[in-house]
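What follows is a guided reading of one protein model, moving from the overall picture to the sheet, then to one helix and the cores. Please keep the sequence and the coordinates at hand while reading.

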Amino acid sequence: MIELGREIGTKESFWNRKKVNIETSAACLLKCNKCGRQTDETFPERKKRFQKLEFSEFKKLAAYFDDLSFCGGYSDPVMSNYLVDYLEYAHSINKRTIIHTAVSHRPMDWYRETFERGPSTRWIFGIDGLPKDSHKYRIGQDGEKLFEVAKLAASMGMDAHWQYIIFKYNENDIDEAARMAKEAGIVFTIVKSTRWDRPFDPLKPSEEFLNKHYAGRKKEKKMFLQPRCFGATRWYYSGEGYLLPCCYVNRDGLYQK
């Protein structure tokens, strides 16, 4: 084994992984300016090849994989009209499901029904800053509503998480957000991202904050298969319907014939 923060694994463990990240469609209503939808120059053309993941196709994935994550690189899983069916079915066959979401456009009754029908799902809500400010990065999001959704999930016994990416506009609100999450029974997680363009991006945290909290952190180069992909990372079911080793694969090289 080679140690790079964690074990890379073996060839056998790589091919036998039972975790997958699923892209359900090409749909998202937000315009987060560091998202691949905004930064990937190939996406407008690739989007034409994206498919909606039919329930029958999801059942094939659930038949093999034990750990099913919906963390779209180009979509939000809540935009799928089949999501309730995915989660209900996975729960019925004792498969683990995780939802990463930032959109806030579904009605509260929809969320309530989804929580009821898929009660074992972990929900991770992307609210970057205090709910009233999250739209500064999550453009188009109603952060206050999404926080109410997270509170509803927690009140119904769901495994609810608040994921908070640090930016300049929210770096001084972490303690207050953590308090709000604790009071609501929500797990609070800070993400030390590098989603800004150096050196003058207004999203970039202050130098004082970076020096204190980001010392020694290196940004990963995600244009090729990383060594860590051979460890505990997930397979990736892409919007084009490909099952890939992980979401870091160089797509240009992959799709060349």
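A residue is called buried when its relative accessible area is under 20%, exposed when that area is over 50%, and partly exposed in between. These words will be needed throughout, and they are applied here to a predicted model.

The confidence of the prediction should be considered before any detail. The protein averages a pLDDT of 87, and 85% of the residues score at least 70. Two stretches call for caution: over residues 220-225 pLDDT stays under 50, and the model has 14 contacts beyond four places in sequence for them, while over residues 252-257 pLDDT likewise stays under 50, with nine such contacts in the model.

Taken as a whole, the protein has 10 helices and eight strands. Of its 257 residues, 46% are buried, and the protein exposes about 13700 Å², of which carbon and sulfur atoms supply 51%. Among contacts with a separation of 6 or more, 74% are between residues 24 or more positions apart.

The strands offer a convenient route into the fold. They form an open sheet of eight strands with mixed pairing, in the order β6-β5-β4-β3-β2-β1-β7-β8. At its edges are β6 (187-191) and β8 (243-244), each of which pairs on one side only. Within this order, strand β2 (residues 67-70) is a useful place to stop. Strand β1 (residues 19-22) runs parallel to β2 and is joined to it by three bridges, with Asn21 standing opposite Ser69 of β2. β2 also pairs in the parallel sense with strand β3 (residues 96-101), over four bridges, and there Leu68 has Thr97 of β3 as its bridge partner. β1, in turn, pairs in the parallel sense with strand β7 (residues 235-237) over three bridges, where Asn21 stands opposite Tyr236.

Which way do the residues of β2 point? In a regular strand the side chains alternate between the two faces of the sheet. In β2, Asp67 and Ser69 point one way and Leu68 and Phe70 the other way, yet all of them are buried.

A helix can be read in a similar manner. In helix α6 (residues 108-117), the buried residues are Trp110, Tyr111, Thr114 and Phe115. These residues lie on the same side of α6 because they cover an arc of only 130° around the axis. An α-helix has 3.6 residues a turn, so residues three or four places apart point the same way. Asp109 and Glu116, by contrast, are exposed on the other side of α6. The cover over the buried residues of α6 includes α5 (83-92), β4 (122-126) and α7 (143-155).

From Phe115 the path leads inward to the largest nonpolar core, which has 55 residues; those that touch the most other members are Ile22, Phe58, Phe115, Trp123, Phe125 and Trp162. Helix α7 contributes the largest share of this core, seven residues. Apart from it lies another core, of six residues, among them Phe43, Phe50, Tyr236 and Leu244.

Phe125 shows what such a position involves. Leaving aside neighbours within four places in sequence, Phe125 is in contact with ten residues' worth of surroundings that include Phe115, Leu146, Val149, Ala150, Ala153 and Trp162.

Definitions and conventions:
Residues are numbered from 1 along each chain as its sequence is written. This is a predicted model: local features need pLDDT of at least 70, side-chain atom pairs count only at pLDDT 80 or more; totals for chains, interfaces and linings use all residues. Side-chain values use heavy atoms; hydrogens and water are left out. pLDDT is the predictor's confidence in each residue, from 0 to 100. Contact means heavy atoms within 4.5 Å. Helices (H or I, at least four residues) and strands (E, at least two) are DSSP runs, numbered from the N terminus. Buried means under 20% relative accessible area, exposed over 50%, partly exposed in between (1.4 Å probe, protein chains only). Accessible areas come from the Shrake-Rupley method with a 1.4 Å probe; for residues, only the protein chains shown count as cover. The arc is that of the directions from the helix axis to the C-beta atoms. A nonpolar core is a set of buried Ala, Val, Leu, Ile, Met, Phe, Trp, Tyr and Cys residues joined through side-chain atoms within 4.5 Å. Two strands pair if DSSP finds at least two bridges between them.
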